[in-house]
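Reader: Could you take me through this model, one question at a time, with the reasoning behind each answer?

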Amino acid sequence: MSTILRTLRNIRKIGIKDYLHQMQYIGDTKAGTLIASDRYGNKYYENVDDELPLRTRWVDYKQKEYSPCQIEPGWHAWMSYLVDKPPTEDAVLRPGQRSWELPAHRPNLTASRAAYKTYST
């Protein structure tokens, strides 16, 4: 939850359109630097100066029906503060570096309509 002064400051920085988008999807106002976008269109932001500790990184999902499993493993490590550099700057976290990696990230489908269901006879 934002204070009134912080909310007004962020509206001035990001504009009314992004303010309404953020309130609808994340329920808070945030202003920061766009770090990068992944291959699925998710945008990753960071603001070290004005945010509270451990709330300085966030993602703006491309899809309206979002789930945290839509984040690639390298970006998940960066979002969880396991690494300091985003996958665009770290060669170890960059996707497609290893021969055993899957060509595309598969989200976890548990508790969704597409989840695997065993057939009982």
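Author: The questions below go from confidence to strands, rings, helices and one residue of the last segment.

Reader: Which element of the protein chain has the highest mean pLDDT?

Author: This is a predicted model, and the protein chain has a mean pLDDT of 83, with 97% of its residues reaching 70 or more. Among the elements, helix H1 (residues 4-14) has the lowest mean, 86. The element with the highest mean, at 92, is E2.

Reader: In what order do the three strands stand in the open sheet?

Author: The pairing in this sheet is antiparallel, and the twist from one strand to the next averages 30°. E1 and E3 each have a single partner strand and stand at the edges, so one side of each is left without a neighbour in the sheet. The order is therefore E1-E2-E3.

Reader: How many bridges join strand E1 to strand E2?

Author: Strand E1 covers residues 33-37 and strand E2 residues 43-46, and the two run antiparallel. Among their bridges, Ala36 has Tyr44 as its partner in E2, while Ser37 has Lys43. The number of bridges that join the two strands is four.

Reader: Which residue in the turn of the hairpin formed by E1 and E2 has a positive phi?

Author: E1 and E2 form a hairpin in which five residues lie between the strands. The positive phi in the turn is about 95°, and the residue that has it is Gly41.

Reader: How are the rings of Tyr45 and Trp58 arranged as an aromatic pair?

Author: The model has three aromatic pairs, and in the one formed by Tyr45 and Trp58 the rings lie 5.7 Å centre to centre with 15° between the planes. Tyr45 lies in strand E2 and Trp58 in strand E3 (residues 57-60), so this pair ties together parts that are 13 residues apart in sequence. Trp58 is buried, because its relative accessible area of 8% is under 20%. As planes under 30 degrees apart count as such, the arrangement of the pair is stacked.

Reader: Which residues form one aromatic cluster with Tyr44?

Author: Two residues of helix H3 (residues 73-79), Trp75 and Trp78, are three residues apart and thus separated by about one helical turn. Their ring centres are 5.6 Å apart and their planes stand at 90°, so the pair is edge-to-face. Both residues are buried. The residues that form one cluster with Tyr44 are Trp75 and Trp78.

Reader: How do H1 and H2 lie to each other?

Author: H1 and helix H2 (residues 16-25) pack with their axes 7 Å apart and at an angle of about 125°. The contact is made by Thr7, Ile11 and Ile14 on the H1 side, and by Ile16, Asp18, Tyr19 and Gln22 on the H2 side. Because that angle falls neither at 65 to 115 degrees nor over 145, the two helices are described as oblique.

Reader: Which residues is Thr88 in contact with, leaving aside its neighbours within four places in sequence?

Author: Thr88 lies in the segment after H3 and, at 40% relative accessibility, counts as partly exposed. Its C-alpha atom is separated by 9.1 Å from that of Asp38, although the two residues are 50 apart along the chain. With the neighbours within four places left aside, the residues in contact with Thr88 are Ala36, Trp75 and Arg94.

Note on methods
Residues are numbered from 1 along each chain as its sequence is written. This is a predicted model: local features need pLDDT of at least 70, side-chain atom pairs count only at pLDDT 80 or more; totals for chains, interfaces and linings use all residues. Side-chain values use heavy atoms; hydrogens and water are left out. Two strands pair if DSSP finds at least two bridges between them. pLDDT is the predictor's confidence in each residue, from 0 to 100. Rings of Phe, Tyr and Trp (its six-membered ring) pair if their centres lie within 6.5 Å; planes under 30 degrees apart count as stacked, over 60 as edge-to-face and the rest as tilted. Buried means under 20% relative accessible area, exposed over 50%, partly exposed in between (1.4 Å probe, protein chains only). Axes are lines fitted to C-alpha atoms, for helices over the stretch in contact, and angles run from 0 to 180 degrees between N-to-C directions. Angles under 35 degrees count as roughly parallel, over 145 as roughly antiparallel, 65 to 115 as roughly perpendicular and the rest as oblique. Contact means heavy atoms within 4.5 Å.
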